[in-house]
Amino acid sequence: MGHPGRARTLGPHLAEGREQTLHVESAGATLAEAPIFDGGGYVATALAETEARLLFVPRPALLDLCRRRPEVALGVIAVLARRVRAFAATIEDLALRNATARLARLLLTEVRRDGNVVDLSGTREEVAHRLGTARELVSRSLSQLRAAGVVVVRGRRVWLTDERRLAVIAELT
């Protein structure tokens, strides 16, 4: 049986006790692609969230593979482009939206297709890392959203009761 595995990459600590999750990857994904091409170090720290089996391929072998198989190089470029777009959205969120707006946006993007429920994976601390804020602000933001009547919270499960108003709070409209 294979190992599905999940790894979370973290940027540099923003402040004492605060981190920013850059991206989460699952089985079959690649990490640390940029150093293949520029020879520099990796700009993040990767942490396994679940048991994972990792395959390390030395830089010279990867460069050789990219030269021999252009479709591999194009695949790496596509991954890098997707991440640049995601990083740009993260920067916009951090610069322009408060913690409550960022949490509202996260809830709207993670709502299940079969209903209005979000299962917040991980602890409040891990959610805070995804949002670039502190755990206390996640709890405070959930309380504000609950007081506004747009969510009902029970543990890690959040029901969206007014998605239109939640989108306004998320500054999406």
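At the start of helix α4, a side-chain oxygen of Asn98 comes to within 3.0 Å of the backbone nitrogen of Thr100. The helix that follows is mostly covered, with nine of its 12 residues buried. The model is predicted. Its chain of 173 residues has 32% of them buried, and its secondary structure comes to seven helices and six strands.

**Overall chain**

- From the N terminus on, the order of elements is β-β-α-β-α-α-α-β-α-α-β-β-α.
- The C-alpha trace spans about 55 × 40 × 30 Å along its principal axes.
- Of the contacts with a separation of 6 or more, 57% join residues 24 or more positions apart.
- The chain exposes about 10700 Å², and carbon and sulfur atoms supply 57% of that area.

**Helix α4**

- Helix α4 reaches 16 Å from its first C-alpha to its last, close to the 16 Å expected for its 12 residues at 1.5 Å a residue.
- Its buried residues are Ala99, Thr100, Ala101, Arg102, Leu103, Ala104, Leu106, Leu107 and Leu108.
- Thr100, whose backbone nitrogen is the one reached by the Asn98 side chain, is thus itself among the buried residues of α4.

**Helix α3**

- Helix α3 covers residues 70-96, 27 in number, and reaches 39 Å from its first C-alpha to its last. That span is close to the 39 Å expected at 1.5 Å a residue.
- The buried residues of α3 are Ala73, Val76, Val79, Arg83 and Asp93.
- In an α-helix there are 3.6 residues a turn, so residues three or four places apart point the same way.
- The cover over the buried residues of α3 includes strand β2 and the helices α1 (34-38), α2 (59-68) and α4 (99-110).

**Helix α5**

- Helix α5 takes in residues 124-131, and its buried residues are Val127, Ala128, His129 and Leu131.
- Among the elements that cover these buried residues are β1 (6-10), β2, α3, α4 and α6 (135-147).
- Just after α5, Gly132 takes a positive phi of about 70°.

**Strands β1 and β2**

- Thr9 is found in strand β1 and is buried, with a relative accessible area of 0%.
- Leaving out residues up to four places away in sequence, Thr9 touches Gln20, Thr21, Leu22, His23, Leu31, Tyr42, Ala44, Thr45 and Ala46.
- Thr21 belongs to strand β2, which runs over residues 21-26.
- Thr21 counts as buried because its relative accessibility is 6%, and the cut-off for buried is under 20%.
- The side chain of Thr21 makes a polar contact of 3.4 Å with the side chain of Arg8.
- Beyond four places in sequence, Thr21 is in contact with Arg8, Thr9, Leu10, His129 and Arg130. One of these, His129, is a buried residue of α5.

**Loop between β2 and α1**

- Ala32 lies in the loop between β2 and α1.
- Ala32 has a positive phi of about 60° although it is not a glycine.
- With a relative accessibility of 26%, Ala32 counts as partly exposed.

**Helix α2 and Asp64**

- Asp64 is found in helix α2 and counts as partly exposed, at 37% relative accessibility.
- The side chains of Asp64 and Arg68 make a polar contact of 2.9 Å.
- Asp64 and Arg105 are 41 residues apart in sequence, and their C-alpha atoms are 41 Å apart in space.

**Aromatic rings**

- The charged end of Arg154 sits over the ring of Trp159, at 5.7 Å from the ring centre.
- The count of aromatic pairs, with ring centres required to lie within 6.5 Å, comes to zero.

How values were computed. Residues are numbered from 1 along each chain as its sequence is written. This is a predicted model: local features need pLDDT of at least 70, side-chain atom pairs count only at pLDDT 80 or more; totals for chains, interfaces and linings use all residues. Side-chain values use heavy atoms; hydrogens and water are left out. Helices (H or I, at least four residues) and strands (E, at least two) are DSSP runs, numbered from the N terminus. Buried means under 20% relative accessible area, exposed over 50%, partly exposed in between (1.4 Å probe, protein chains only). A polar contact is a pair of N or O atoms within 3.5 Å; within protein, one must be able to donate a hydrogen and the other to accept it, and residues adjacent in sequence count only if both atoms are side-chain atoms. Contact means heavy atoms within 4.5 Å. The expected span of a helix is 1.5 Å times one less than its number of residues. Rings of Phe, Tyr and Trp (its six-membered ring) pair if their centres lie within 6.5 Å; planes under 30 degrees apart count as stacked, over 60 as edge-to-face and the rest as tilted. A charge sits over a ring if NZ of Lys or CZ of Arg is within 6 Å of the ring centre and within 35 degrees of the ring normal. Accessible areas come from the Shrake-Rupley method with a 1.4 Å probe; for residues, only the protein chains shown count as cover.
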